[in-house]
Amino acid sequence: MNKKIVTIIITIGILLAGGIYLFWGKRDMYSEANAPRTTIELSTDSTDFGTFPYAEPKHTVFRFRNTGEQPLIIKNVVSSCGCAEVTWNKRPIAPGKTDSLAVDFKANSLGQFNKTVEMICNTEPERHLLHLKGFVEE
């Protein structure tokens, strides 16, 4: 009888583990990493702030549209420096809809600069570079 109970417990454990695996496996299928591909159209991929004083913060907005048939997911946004703070909608953007990514730039040095903001999406290609340039004076 002891062996029978151990066999039942092991069987229940295996079935439970299999159920958990199937549940998480299906759930992961729809994660950001495995999201179906779509397409994006950027209104522009660069901003030139021109010449401006060091103490003057700058702001720009990059607008884009989901031109595909699947929801657009911005997986991550990475700035090339700590001088650019980026905010964006963390929710999927429906097909045909437009949205934007806002960048607040505060210079940390004088002179010419060329910075980038990399937007990583469920598109092909996955990475889109946005460019910031200008000249900071005293």
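User: What makes V6, I10 and I14 a patch on the surface?
Analyst: In this predicted model, those three form a nonpolar patch with about 290 Å² of accessible area together. To join a patch, a residue needs over 30% relative accessible area, and nonpolar side chains are joined within 5 Å.

User: Why is V6 called partly exposed?
Analyst: V6, found in helix α1 (residues 2-29), has 44% relative accessibility. Buried means under 20% and exposed means over 50%, so V6 counts as partly exposed.

User: What makes β1 and β5 edge strands?
Analyst: The open sheet runs β1-β3-β6-β5 with antiparallel pairing. β1 (40-42) and β5 (84-88) each have a single partner strand, so one side of each is left without a neighbour in the sheet.

User: How do you know that β5 and β6 pair?
Analyst: Pairing takes at least two bridges, and these two strands have five, in the antiparallel sense. T87, for one, has A102 in β6 as its bridge partner.

User: Why is the pair of F49 and F52 called edge-to-face?
Analyst: Ring centres must lie within 6.5 Å to pair, and planes over 60 degrees apart count as edge-to-face. Here the centres are 6.2 Å apart and the planes at 75 degrees, so the label fits.

User: And what about F52 with F105?
Analyst: With centres 6.4 Å apart and planes at 80 degrees, that pair is edge-to-face too. F52 sits in strand β2 (residues 46-53) and F105 in strand β6, so the pair ties together parts 53 residues apart in sequence.

User: How do you know whether F52 and F105 are buried or exposed?
Analyst: The cut-off for buried is under 20%. F52 is at 1%, so F52 counts as buried; F105, at 2%, is buried as well.

How values were computed
Residues numbered from 1 in each chain as written. Predicted model: local features only at pLDDT ≥ 70, side-chain atom pairs only at ≥ 80, totals over all residues. Heavy atoms only, no water. Patch = residues over 30% accessible without salt bridge, like charges linked within 9 Å, V, L, I, M, F, W, Y side chains within 5 Å. Areas by Shrake-Rupley, 256 points an atom, 1.4 Å probe, with all protein chains shown as cover. Salt bridge = Lys/Arg side-chain N within 4 Å of Asp/Glu carboxyl O. Helix = DSSP H or I, 4+ residues; strand = E, 2+ residues; numbered from the N terminus. Buried < 20%, exposed > 50% of the residue type's maximum accessible area, 1.4 Å probe, protein only. Phe/Tyr/Trp six-rings, centres within 6.5 Å; stacked < 30°, edge-to-face > 60°.
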